[in-house]
Protein chains: 2
Amino acid sequence: MTIQPWKILSSTHLRENIRLDRCELPNGKIIEGTVLEFGTWATVLALTKEQEVVLIRQYRHGVQKVIVELPGGAMDVEDESPLAAARRELQEETGYTSDRIIQVGCVSPNPANQTNLIYSFLALDVEKNGSQQLDETEEIEVFLKPLDEVIAMAKNGELLQSMQVSTLFFVLAYLERIS
Amino acid sequence: MTIQPWKILSSTHLRENIRLDRCELPNGKIIEGTVLEFGTWATVLALTKEQEVVLIRQYRHGVQKVIVELPGGAMDVEDESPLAAARRELQEETGYTSDRIIQVGCVSPNPANQTNLIYSFLALDVEKNGSQQLDETEEIEVFLKPLDEVIAMAKNGELLQSMQVSTLFFVLAYLERIS
């Protein structure tokens, strides 16, 4: 069996980044589905020399809760690389910087209905080099936790965002802590 | 600093499950954002007695590619539990079943713009007990790979979906393979 792609019969946009596709499936069935045309995302697990992770706390409107996350965001500058986006988001959201930022993984947030990828980075030896530079829609609290505590938090669901748990997987694989 | 939630000023729907909220931020700024009102999802890493993982291959229209995934889907039956959904999706998509299905994690696919959660399960000692029961929009190829190979695939990005990498994290944590 060779699985065939769907054929797009027509596309319209409900909003700038929400596309509605009418598709013909290999079996002839016609269906409609929405596709989210988001830009590339980057997220970074930033470790201090003391093996503490730089975490943030912010309100997230999908779940309508204040939650704990790793820093990260979208590549919103023209021609910005994922690495540059990770470095910029880390600095803007937390004030921490590092010269040692390593790409550890790249996945799709949801291949069924999103076009974009998310890159995962590990930043080593990060230091606080300045203050946050938040845009006016952001309110972010920064705090540190030992890496082992962050792993425990992830296990019990306190690191709520799946893309950040996958980032932790990639970091632990890079650090050879997965057997 | 206590981070405050946003206040919803008005909500409309662009489509049945795509809500457009107009919100007032704690600083008084007004913004508009879309929220995807998806149902609860479940995904399952199913292991045979020989420690092989039941994988599927299917076309995913967001990335417009045929990709490798773990079985899973939405709780589309009234009052279905996440565990029942995982069991049903495993059986429908692959024909494999098990009496030993354990919840290992629960996260948000994207807390910024989705309302739903995704539950991760580990199924042990799965056996092929029947044939696939696909709906007419599904075309799914089933194959087995040793768990160690699936971990290697995840590390190099072949398990493309972030929620399935996070499921692998939860499974490996449960199996005490994360140090």
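1. Strand pairing around Val53(A). In this predicted model, Val53(A) has Lys145(A) of S12(A) as its bridge partner. The two strands concerned, S5 (residues 52-60) of chain A and S12(A), run antiparallel and are joined over six bridges.

2. The sheet. S5(A) and S12(A) belong to an open sheet of three strands, with the order S6-S5-S12 in chain A and antiparallel pairing. Strand S6 (65-69) and strand S12 (141-146) of chain A form the edges, each pairing on one side only. On average, and with direction ignored, neighbouring strands of this sheet are turned by 30° against each other. Strands of a sheet pair through backbone hydrogen bonds, in either a parallel or an antiparallel manner.

3. The helix on the sheet. Helix H2 (residues 147-155) of chain A packs on this sheet and touches S5 and S12 of chain A. The direction of H2(A) makes about 100° with that of S12(A).

4. Chain A as a whole. The secondary structure of chain A consists of three helices and 12 strands. Along the principal axes, the C-alpha atoms of chain A fill a box of roughly 60 × 45 × 30 Å. Chain A has 179 residues, of which 40% count as buried. Where contacts in chain A join residues at least 6 apart in sequence, 60% of these contacts link residues at least 24 apart.

5. Extent of the interface. Chain A and chain B each give 60 residues to the contact between them. On the side of chain B that touches chain A, the elements giving two or more residues include strand S1 (7-15), strand S2 (18-24), strand S3 (30-36) and strand S9 (100-107) of chain B. Also among them are strand S5 (52-60), strand S6 (65-69), helix H2 (147-155) and helix H3 (162-174) of chain B. The largest share of this side, eight residues, comes from H3(B).

6. Composition of the interface. The residues of chain B on the side that touches chain A comprise 31 nonpolar, 19 polar and 10 charged.

7. Relation of the two copies. Which turn and shift lay chain B on chain A? A turn of 180° with a shift of 0.0 Å along the axis does this, with an RMSD of 0.0 Å. The two copies are therefore related as by a two-fold rotation axis. Of the interface residues of chain B, 100% are also interface residues in chain A, so the copies meet through the same surface.

Notes: Residues numbered from 1 in each chain as written. Chains lettered and ligands numbered in written order. Predicted model: local features only at pLDDT ≥ 70, side-chain atom pairs only at ≥ 80, totals over all residues. Contact = placed C-beta atoms within 7 Å. Helix = DSSP H or I, 4+ residues; strand = E, 2+ residues; numbered from the N terminus. Nonpolar A, V, L, I, M, F, W, Y, C, P; charged D, E, K, R; others polar. Least-squares fit on C-alpha atoms with pLDDT ≥ 70 in both. Pairing = 2+ DSSP bridges. Axes fitted to C-alpha atoms, helices over the stretch in contact; angles between N-to-C directions. Buried ≥ 20, exposed ≤ 12 C-beta atoms within 10 Å, placed from the backbone.
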